[in-house]
Structure formats: C-alpha cells, structure tokens
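This report goes through one protein structure, from a single side chain to the overall dimensions. The sequence and the coordinates come first.

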Amino acid sequence: MFLLTPGPPLDDRALEELYDYPSELTAPFVQVNFVSSADGAATVSGRSRGLSSPADKKVFALGRDLADVVLVGAGTALAEQYQGVKRTELRASRRERLGLSEVPPIAVVTGRGSVPPSSPLITATTVPPILITSESSPVVWRKEVTAAGADVVVAGDERVDAGLALAALADRGLLRVCCEGGPTLFADMIAAGLVDQLCLTVAPLLAGAGAVRIADGLPAEDAPMGLTLESVLADEGFLMLRYRRAAETG
C-alpha cells in the first residue's frame, strides 16, 4: 500500500499509527469501516466480501485490533456469518502493547431480537458478545441469550437508540468503537451525529443498479455531515480513504 500524498510503502507500525484512535478518550469515538464499489454499492450478491481485497482486509483487521469493541448491526452480522473476534499472535501482541484486552467483544444491534442463542456470535467466541436491543424485543429471547452467555443491553423503546447504545458501551469502558455497519446502523449513526471517522475502501468495480448504498434507512433530518480527508492509500486499484468529522464552525 502507498500513501498518495506521495510516500513510501507503509509497514504495519506506520499503518497502526495512521489508523489509531485519539489518545485519552473520555467519550466514545466511533470509527466506521465500509467497502463499496466505485458506483457506491455496499454489497455484491448481498454480501460485502465480493468487494474486498487483501489490503482492505488488512485495514479491516487493523480496525478490530485497535478497538475496545466491534459494533455491528444484526443483519450484517448474520448475513456475513459473524462469530467472535479471533485471537492471532499479531493481534494479541499489538493489543498487549497498547494496553487493550486480548480480543475486543462484538456488540450487535438487534432491536427485535433476531440473534438466536445458537448463533456463532454467542457460541464461537472467547469473550461474551453484547446484544443491544430495545424494549420491543421478546422478554423470553432476552432470557435465552443471557442464559447462553450474552450481555444484553436494552437501549430504546420501539427501536435501538444509537446514543443510548454508545452510552452503554461507555459504561463498560468501551470507548474505541469500531463500527462495521451495516447500512441501516450507519444511517442511524449519521442521523444521530455520532460518526467521528469513516474508513472507506473503494473497489475498482461497477456493481450496477439494485445494490444498497453504505448508508440506507430513514433520511437524516439535519444538514449533511461535513468530513475532512485525512489519508488516502492505494493498492492494486483499491483506494482506502480515511475521513474525519469536520470541525464545527460558527
């Protein structure tokens, strides 16, 4: 991978420094990771894997390595067949050096309780997942997944309130939030003004009509959120863009 600003190839430590979270956080900092086609599609045949590349996967894994928690919507977690974050030697050594837990938990937003107790998110993990749901989810389901080992958080009435969800993560000391989508959760985070950084990989591919965009849901009522471009990486035709929330003026 090369910086397009321009510069030499980046080694693992340089990538880590580029993508690391701000130091001494006192509130959640949300980094959103997405990959899209050049014409804006978030998936190919219903999944994002058809858009990825080795370089994108490296940045994706780095996002998990640097985070306190991985936040994801249930639809994406189930479609992409999520399970607990795996321990690797690189991940363990990097996280130990940074003073982080061995692996981050996965927090799944599931307003209606769509993650079954038998899901690999619960059964194939070394740390309990956090299931963030609403009051409208079945009480029986909450009891079942709690008995299966999940940490259940109720954050909202009819649907999950993104602000309450982040507050619950903060209460658990989880401030470095790596959000991996999906499009509905991303749209909710944008609408609530909770996105601090967007790491977007653009694949050299035209997916055509029909695929969902990376943000999809109820339209935001406020003005679009301004971003500043912080870094650009390129590898084999893929662009890896890193944007920060623009400073408010006035």
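## Arg64 and its surroundings

Arg64 has a relative accessibility of 11% and therefore counts as buried. The model is a predicted one, and this applies to every value in the report. Arg64 belongs to helix α2, which covers residues 54-65.

The side chain of Arg64 has a polar contact with the side chain of Glu180, at 2.8 Å. Apart from neighbours within four places in sequence, the residues in contact with Arg64 are Val70, Tyr82, Val85, Arg91, Arg95, Pro104, Ile106, Cys178 and Glu180. Two other arginines, Arg91 and Arg95, are thus among the contacts of this buried residue.

## The loop between α3 and α4

Helix α3 (74-79) and helix α4 (89-97) are joined by a loop that holds Gln81. Lys86 lies in that loop between α3 and α4 as well. Gln81 counts as exposed because its relative accessibility is 56%. Its backbone has a positive phi, near 55 degrees, in a residue that is not glycine. For background, most residues other than glycine have a negative phi.

Lys86 counts as exposed too, because its relative accessibility is 52%; the cut-off for exposed is over 50%. The side chain of Lys86 makes a polar contact of 2.9 Å with the side chain of Gln83. With neighbours within four places in sequence left aside, Lys86 is in contact with Arg91 and Val103. Arg91 also appears among the contacts of Arg64. From Lys86 to Pro117 the C-alpha distance is 19 Å, for a separation of 31 residues in sequence.

## Cysteines

How many disulfides does a search of the whole structure find? The search gives 0. For Cys178, the closest cysteine sulfur is that of Cys179, and the distance of 7.6 Å is too far for a bond; a disulfide would need the sulfur atoms within 2.5 Å. Cys199 is in no disulfide either, as the nearest cysteine sulfur, in Cys178, is 8.0 Å away.

Are Cys178 and Cys199 buried or exposed? Cys178 counts as buried because its relative accessibility is 0%. Cys199 counts as buried because its relative accessibility is 5%. Cys178 is also one of the residues in contact with Arg64.

## From β7 to the end of α8

The loop between strand β7 (176-179) and helix α8 (183-191) contains Gly182. The peptide bond that joins Gly181 and Gly182 is cis, with omega about 5 degrees. In general, most peptide bonds are trans.

Helix α8 has Pro183, Leu185, Phe186, Ala187 and Met189 as its buried residues. After α8 comes Gly193, with a positive phi near 70 degrees.

## The β9-β10 hairpin

Strands β9 (residues 227-235) and β10 (residues 238-245) are paired in the antiparallel sense, over 8 bridges. Within this pairing, Val232 has Leu241 of β10 as its bridge partner. In a regular strand, side chains alternate between the two faces of the sheet.

The two strands make a hairpin with 2 residues between them. Glu236 sits in the loop between β9 and β10 and has a positive phi near 50 degrees, although the residue is not glycine. Glu236 counts as exposed because its relative accessibility is 71%.

## Overall dimensions

The protein contains 8 helices and 10 strands. Its C-alpha trace spans about 55 × 45 × 40 Å along the principal axes. The radius of gyration is 18 Å, which agrees with the value near 18 Å for a compact globule of 250 residues.

Of the 250 residues, 46% are buried. Among contacts with a separation of 6 or more, 68% are between residues 24 or more positions apart. The accessible surface is about 12200 Å², and carbon and sulfur atoms account for 55% of this area.

Technical notes: Residues are numbered from 1 along each chain as its sequence is written. This is a predicted model: local features need pLDDT of at least 70, side-chain atom pairs count only at pLDDT 80 or more; totals for chains, interfaces and linings use all residues. Side-chain values use heavy atoms; hydrogens and water are left out. Two strands pair if DSSP finds at least two bridges between them. Helices (H or I, at least four residues) and strands (E, at least two) are DSSP runs, numbered from the N terminus. Buried means under 20% relative accessible area, exposed over 50%, partly exposed in between (1.4 Å probe, protein chains only). The radius of gyration is taken over C-alpha atoms; the globule rule is 2.2 Å times the number of residues to the power 0.38. Contact means heavy atoms within 4.5 Å. Accessible areas come from the Shrake-Rupley method with a 1.4 Å probe; for residues, only the protein chains shown count as cover. A polar contact is a pair of N or O atoms within 3.5 Å; within protein, one must be able to donate a hydrogen and the other to accept it, and residues adjacent in sequence count only if both atoms are side-chain atoms.
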